[in-house]
Structures are given as C-alpha cells and as structure tokens.
There are 2 protein chains.
Amino acid sequence: MYIVGLMSGTSLDGIDAALIRVNNSGLETEMEMIEFMTCPFPKEIEKEIMQSLSADTSNVQLICSLNFKLGKLFAKAVKEVCHKAGFPINKLDLIGSHGQTIYHQPLQEQNYIPSTLQIGEAAVIAHDTNTLVISNFRTMDMAAGGQGAPLVPFTEYILYRSEAKGRLLQNIGGIGNVTVLPKQASLDDMYAFDTGPGNMIIDEVCRQLFNISYDEGGNIAKQGQINDGLLSYCISHPYIMSPPPKSTGRELFGKQYVVKLLKRFESVPNQDILATVTMFTAKSIVENYRNFIFPKTSIEEVIIGGGGSYNKTLLNMIQSLLGNSIRVLTQEELGYSSEAKEAVAFALLANETFHGHTSNVPKATGADSDVILGNMTFPPSYLKGRKNAF
Amino acid sequence: MYIVGLMSGTSLDGIDAALIRVNNSGLETEMEMIEFMTCPFPKEIEKEIMQSLSADTSNVQLICSLNFKLGKLFAKAVKEVCHKAGFPINKLDLIGSHGQTIYHQPLQEQNYIPSTLQIGEAAVIAHDTNTLVISNFRTMDMAAGGQGAPLVPFTEYILYRSEAKGRLLQNIGGIGNVTVLPKQASLDDMYAFDTGPGNMIIDEVCRQLFNISYDEGGNIAKQGQINDGLLSYCISHPYIMSPPPKSTGRELFGKQYVVKLLKRFESVPNQDILATVTMFTAKSIVENYRNFIFPKTSIEEVIIGGGGSYNKTLLNMIQSLLGNSIRVLTQEELGYSSEAKEAVAFALLANETFHGHTSNVPKATGADSDVILGNMTFPPSYLKGRKNAF
C-alpha cells in the first residue's frame with residue numbers, strides 16, 4: 001500500500017506530508033519512507049487558524065469556512081508530495097489526515113465537556129485527490145473516555161522498540177510529548193504523556209521580542225543568562241507536576257500565557273527571557289522524567305524528534321540536566337526523519353484502521369478500551385463496481 | 001438491514017429518530033418504518049445550539065464541547081427509539097446521522113468560502129451504541145461544487161415517484177424545501193431547491209411576541225389580518241425570486257431577520273404579524289412554484305411534510321394560493337409519516353453509502369458529479385475477526 005500521512009501541528013509550521021510504502025500491519029508492519037515535505041501555510045491562512053484557536057476571536061462562520069479551506073490545502077499537500085516523489089497520485093491507496101487541532105479540552109471545564117476538534121474537511125481531500133481518506137483520529141479515543149492524545153505510541157512501538165535498550169522518545173513540536181519504551185517492551189509496557197510546552201513558548205517569545213518565528217539552532221538562547229525568578233515562576237505551573245496520563249494543547253502555554261509572562265518579567269533582558277524559557281522547556285521535560293519515569297523504568301537513551309530537535313541549546317540543556325549516564329540522540333542519528341515522524345505516524349494509523357485494527361494505547365490516553373481510530377471518507381470513484389463497502 | 005436515521009433540523013425541535021427495516025438499495029429499495037420518535041433537546045442544549053449558530057455568540061470552545069454533547073444525545077436517541085420499538089440495539093446494523101447544522105454557507109461571502117458544518121460527533125455515537133455510523137452527508141456534495149442541499153431528492157424519488165401524477169413534495173421544517181417529481185420521472189427529471197423560510201419565521205415571531213414556541217395548528221395566525229405593507233416587505237426578499245439551484249440555512253431568515261422586521265413594523269398588532277408571516281411563508285412557497293416549476297412541469301399534487309404540515313392555516317393559505325386544480329395533501333394522507341420523513345431519508349442515504357452508491361442529485365444541488373455521501377465511523381467491536389475493512 002502507498003499512503004500519504006498529513007500532520008499539521010499546534011506550532012503552525014505548515015502541513016507535513018509523508019509518502020510511505022507499507023506492507024502488512026500491526027507488529028508485522030514494514031515501512032519505507034519515499035518522500036517528505038512541509039507545505040507552509042499561506043500567511044492569511046495562518047492568521048485564520050490563529051483566530052480560530054481562541055475562544056475570544058473564533059466564530060462559527062470562520063471555523064466552517066476554514067475547515068473547507070484547510071481541506072483544499074491538505075489535498076494540495078498530498079499532490080505536492082506525490083509530485084516531488086515522481087509518484088503518480090492515481091496509484092495512491094490511502095491518505096491519513098490528522099487535521100488541524102483548533103481546540104483540545106481533555107478535562108471538563110465549567111460547562112464544557114472533554115472534547116477535541118480537528119478541522120480540514122476529509123470530503124474535500126478525498127474529492128480533490130480521488131483517494132480514500134481516514135481522518136479524525138482523536139475523537140474515538142475521547143469517546144472511550146481517553147484524552148485523545150498521545151496517539152503516536154502505537155506507531156512508535158512498531159518503529160523504535162529495542163531488545164537491548166530502554167528508550168524515551170521525546171517529541172518536541174508545539175507541545176512536548178514523551179513515549180516510554182522499556183527494553184523488550186510489550187505494547188502494554190509502553191506509556192506516554194505530554195510533558196508540557198515544546199517549541200510553543202520559545203516561538204511565541206521569538207515572535208513577540210525578536211520579531212522572528214523561531215530561534216534557529218537555539219543561537220539566541222545560547223547567549224542569554226538564566227533568570228532564576230522567571231524560571232521558578234515557569235516551573236511552578238501545575239501542569240508540570242501533574243501525574244500522567246495528561247495531555248495539553250495550545251491553551252495552557254499559548255499566546256496568553258506568554259503575554260502574561262512578559263508583562264510580569266518586563267525588566268528581564270530579551271535574550272535572558274529566551275534563554276530561560278528554553279531552560280524551562282528542557283526542565284519541564286526532564287522533571288517529568290525524574291518524577292514519573294525514572295523511578296520505575298531503566299532508561300539508556302532519549303531520542304528527540306520534532307522541530308525542537310534542531311534547537312541545539314535546548315538539546316544541550318536536556319543532556320546536561322540528565323547527566324552522562326543517559327544518551328540524548330536525535331531521530332536522524334537512528335536513521336529516521338525527525339521532521340516526518342508525526343506525518344508518518346498518521347499514515348501508519350490510517351493503515352491500522354484500514355486493516356480493521358484498534359490502535360489507541362489506553363494506558364497512554366486513559367481510554368477505557370481499545371478502539372478503531374478515525375473515520376473513512378470515500379472518493380467519488382472509490383466503490384464503483386463493488387457490491388458494497390464491505 | 002436495520003437502520004436508525006437521525007435528523008436534527010434548523011427548527012431545533014429536537015432529535016428525530018426513525019428505526020427502519022430496509023432490503024436492497026437504490027431503485028430496488030424496500031423499506032418499512034418500525035418506530036419513530038422525537039427526543040426534545042434539554043433547555044441548556046437548545047441554548048448552546050442557538051449560541052453556536054451565530055457568528056456573534058459562537059466560539060471554538062463552545063463548538064468543540066457541543067459537538068461531543070450532541071454526539072451523546074444522538075446516541076441516546078438511538079437507544080430510546082430502539083427501546084420504544086422493543087428492538088434489541090445489538091441487532092442494529094447501521095446509523096445514519098445528519099447532525100446539527102450550525103453553519104451552512106452555499107456561496108462565497110467576503111473571505112469565507114462555500115462550506116457547511118454539521119456537529120454531533122460520530123465517534124461518540126458509534127462508541128455509545130456499538131454500531132457503525134455514517135454521518136456528515138453534506139460535505140462531499142459541496143466538495144464537488146454543489147450547495148450541499150437539498151439531499152432528500154434521492155430518497156423522495158424512491159418513495160414518492162408516481163406513474164400517474166406529477167407531484168411536488170414540499171417539506172416545511174425550519175426551512176422550506178421542494179422536490180419536483182414529474183409523472184413517470186427518471187432520476188434525471190427530478191429537481192429540488194429550498195423555497196425559503198419554513199417554520200422558522202413563524203416560530204421566532206411566536207417566541208418573541210407570544211412567548212410560545214410555535215403556533216399550534218395555525219390557530220393564532222387564523223385570527224389575524226394580513227398586513228399588506230409587511231407582506232410586501234417580506235416578499236421582496238431577494239432569495240424568493242432567485243432562480244434555483246439555491247439553498248438557505250438559518251442565516252437568511254433567522255432571529256436577526258425577525259428582530260429587524262419586528263422593529264420596522266412595531267405598530268402592527270401581534271396576531272396580524274403572525275398571520276402575515278404565515279402568509280409570507282405560504283406565498284414564498286407558491287411564488288417559487290409559479291416562477292420556476294409550473295412553466296415547465298404539469299403538477300397534480302402537492303404533498304406537504306415536516307412540522308409545518310400541522311399548521312392548518314398555512315396549508316389553507318397554500319391551497320387557496322394554488323387554486324382548485326392542484327390538490328394539497330399531507331404525507332399522512334399517503335400513508336407516510338410527515339414527522340419521520342427527514343430521519344427516514346438519512347437512514348436511506350446511509351444505506352446507499354453502505355452499499356457503495358452515490359446518492360446526491362447534482363441537478364438539485366449544483367454539484368459537478370455524482371458522489372458518495374458521508375463518512376464511516378467504526379464502533380470498537382466492528383471489525384474484530386475481519387481481515388480488513390473491505
């Protein structure tokens with residue numbers, strides 16, 4: 001099977017599209033990545049997504065329209081990654097689309113119940129690419145009482161399980177997320193949770209104080225000093241010390257969080273602020289390990305993925321906080337693409353659903369049962385000549 | 001196959017649930033209705049839906065949460081209609097859920113593109129009922145360039161086509177919608193469009209002026225006088241004389257429309273206002289017939305369905321505007337349930353999608369091609385023991 005996986009994360013970098021070839025499913029999965037690219041959002045779309053993320057600036061008309069606009073962009077990303085690979089799109093078997101999360105509320109809040117909302121209309125993707133689409137992966141896990149995240153553990157298990165080493169897979173996208181893979185793990189031995197902020201505080205500080213979208217290589221943060229008052233303030237956020245299972249979205253550490261923080265610490269020099277929120281991001285990750293992982297699992301390697309793996313300052317901070325007995329690596333050093341990881345994951349999850357397998361990991365999400373993730377949308381030509389869909 | 005169809009219309013009466021037995025599909029469809037009921041919305045949910053419908057009062061958190069809340073209520077409606085019928089839910093094969101439309105924008109407006117948004121999370125319905133769900137029927141037609149509405153023509157064709165008579169099927173829900181079935185029609189001979197307001201103006205006037213939710217039997221309107229100024233004002237709305245294909249949602253004739261109208265005509269007595277908007281509703285229907293149907297198709301019967309068919313004053317007005325050569329009937333007089341019509345339609349559309357058939361009518365919606373409507377969401381146990389989904 002040829003599958004394109006699509007991911008568009010909370011960091012709003014654009015649409016990640018990975019074209020992969022897959023044989024079999026579940027533990028017999030063999031996969032090879034053929035092509036990967038990131039299609040940046042047009043500026044006006046990025047603005048509309050930002051608007052749609054906040055209760056203050058969003059509204060039903062915007063969300064209704066943006067759902068279709070993103071569907072068109074996702075379809076375009078599928079075509080572009082196939083074109084880049086020289087792969088004829090009419091040979092594509094399946095698309096796994098995560099969608100753009102515009103709200104994720106794992107816990108009840110006032111009158112609002114646990115729920116999640118991804119947009120990027122699957123009907124538009126299926127129509128424009130003439131390909132079967134599986135999308136909306138998070139809702140069924142939440143319907144089963146889970147937090148709808150993290151969903152990558154299943155595919156990480158397939159790709160990273162080791163006979164010899166206990167491994168942590170740390171993804172640093174907008175949000176930070178860790179998967180624990182003890183050596184010789186069974187699927188039941190694995191667990192995962194969101195550690196807290198990934199790049200999102202760092203990037204928002206870059207936008208507000210330096211008018212740039214991210215700190216390339218961590219070069220600015222490297223030149224700053226850690227401000228202890230700011231660091232204590234940050235690390236006291238109750239999310240960091242909440243025990244797993246837990247998941248967060250853009251709400252907790254988003255723009256409003258940074259605005260408040262910058263107001264409170266306005267006397268601190270700009271590059272010290274950036275250095276300190278980078279250290280906070282590192283510490284939020286390592287503190288979670290110390291409190292919730294190391295006491296029960298022996299770990300030899302931490303493998304960092306996501307955009308944050310290019311921030312050398314952040315990686316050095318994590319390594320120095322961990323000490324020398326644990327090795328910090330990037331996915332590239334293991335032969336995988338760090339950038340493509342999540343897009344590949346949703347291609348593999350689509351493969352599982354297509355084959356009728358459950359693929360949530362209840363231990364990671366808190367769901368009460370194994371469920372089949374996502375729903376299927378049929379391209380116009382899909383079922384012609386078949387007697388019925390099954 | 002046993003199927004439950006779920007419909008929750010713009011009039012916010014509640015969730016219509018129809019349990020039907022179906023054999024075959026397409027033109028060979030044989031269907032029998034087993035049970036029907038309407039599950040009213042809890043007051044606080046009705047309020048949240050109202051909030052979510054307007055660009056001014058909606059926001060992403062509300063919509064995210066309400067999507068899941070409605071999913072739970074839809075699942076509950078499925079259980080209740082099965083229970084009422086004494087039908088064991090584990091024998092149910094399929095659910096067709098229309099969802100609650102919270103926005104429908106058939107045409108580009110400023111920066112907002114043609115799009116539609118139905119909520120009532122399918123994953124929650126599939127999980128809570130342990131049944132396969134097909135939902136989100138309108139998006140694929142819009143992806144194919146259609147207006148996403150009307151979708152009932154296909155099922156009306158199956159149920160109402162006559163060898164002897166040209167028929168109009170007029171549905172009066174929140175919105176008014178007509179399907180034209182010439183005698184001995186083929187599917188291609190049929191067409192349909194939204195005539196304009198159904199009960200929505202009448203009901204909103206009832207709420208605002210009489211503090212009741214609808215005019216039972218049309219009894220209040222019956223006692224009022226038609227106000228010519230108000231009637232001219234209403235009938236001048238450009239939607240009425242726009243040629244088909246056309247479709248409308250709550251936006252054009254919703255609360256804001258009524259508030260404006262009541263302000264402008266505040267000196268007119270309350271029951272005259274109600275009489276006049278009832279006459280406007282009748283006239284908007286008949287004027288559409290005169291301009292866009294009668295010139296090309298011979299019609300012997302108009303069959304009225306939807307909640308509006310219980311408004312005798314409205315029916316009498318339609319009959320008197322049409323004159324004696326055309327017979328106005330309700331669906332009950334033909335042996336069908338008027339109330340259940342739309343819920344049955346979405347059960348039958350789910351049946352078509354399950355069998356891999358297209359079921360939009362491009363002539364009615366303006367779509368550029370036949371497409372497979374809706375997407376499939378699998379209950380946790382659905383695919384156990386199957387090799388794959390197909």
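**Confidence.** I checked pLDDT for chain A of this predicted model. The average is 93, and 98% of the residues score at least 70. I then looked at residues 384–390 of chain A, where pLDDT is below 50. Beyond near neighbours in sequence, that stretch has 21 contacts in the model. Where pLDDT is low, predicted coordinates should not be read in detail. I also noted the scores for the complex: ipTM 0.77 and pTM 0.77.

**Interface extent.** I asked how many residues each chain brings to the contact. Chain A gives 63 residues and chain B gives 63 residues. I looked up the area next. About 5300 Å² is buried between chain A and chain B, with 67% of it on carbon and sulfur atoms.

**Polar links.** I looked for salt bridges across the interface of chain A and chain B and found zero. I counted 25 residue pairs in polar contact between the two chains, with both residues at pLDDT 80 or more.

**Which elements touch chain B.** I listed the elements of chain A that each supply at least two residues to this side; among them are helix 1 (43–53), strand 4 (94–105), helix 13 (341–354) and strand 12 (375–377). Helix 2 of chain A gives the most, with nine residues. I sorted the residues on the side of chain A that touches chain B: 32 are nonpolar, 21 polar and ten charged.

**Strand pairing between chains.** I followed strand 12 of chain A to its partner, strand 12 (residues 375–377) of chain B. Three bridges join the two strands, which run antiparallel. I picked out one position: Thr377(A) stands opposite Asn375(B).

Conventions. Residues are numbered from 1 along each chain as its sequence is written. Chains are lettered from A and ligands numbered from 1 in the order in which they are written. This is a predicted model: local features need pLDDT of at least 70, side-chain atom pairs count only at pLDDT 80 or more; totals for chains, interfaces and linings use all residues. Side-chain values use heavy atoms; hydrogens and water are left out. pLDDT is the predictor's confidence in each residue, from 0 to 100. Contact means heavy atoms within 4.5 Å. Buried area is the accessible area (1.4 Å probe) that two parts lose on being put together, summed over both. A salt bridge is a side-chain nitrogen of Lys or Arg within 4 Å of a carboxyl oxygen of Asp or Glu. A polar contact is a pair of N or O atoms within 3.5 Å; within protein, one must be able to donate a hydrogen and the other to accept it, and residues adjacent in sequence count only if both atoms are side-chain atoms. Helices (H or I, at least four residues) and strands (E, at least two) are DSSP runs, numbered from the N terminus. Ala, Val, Leu, Ile, Met, Phe, Trp, Tyr, Cys and Pro count as nonpolar, Asp, Glu, Lys and Arg as charged, and the others, Gly among them, as polar. Two strands pair if DSSP finds at least two bridges between them.
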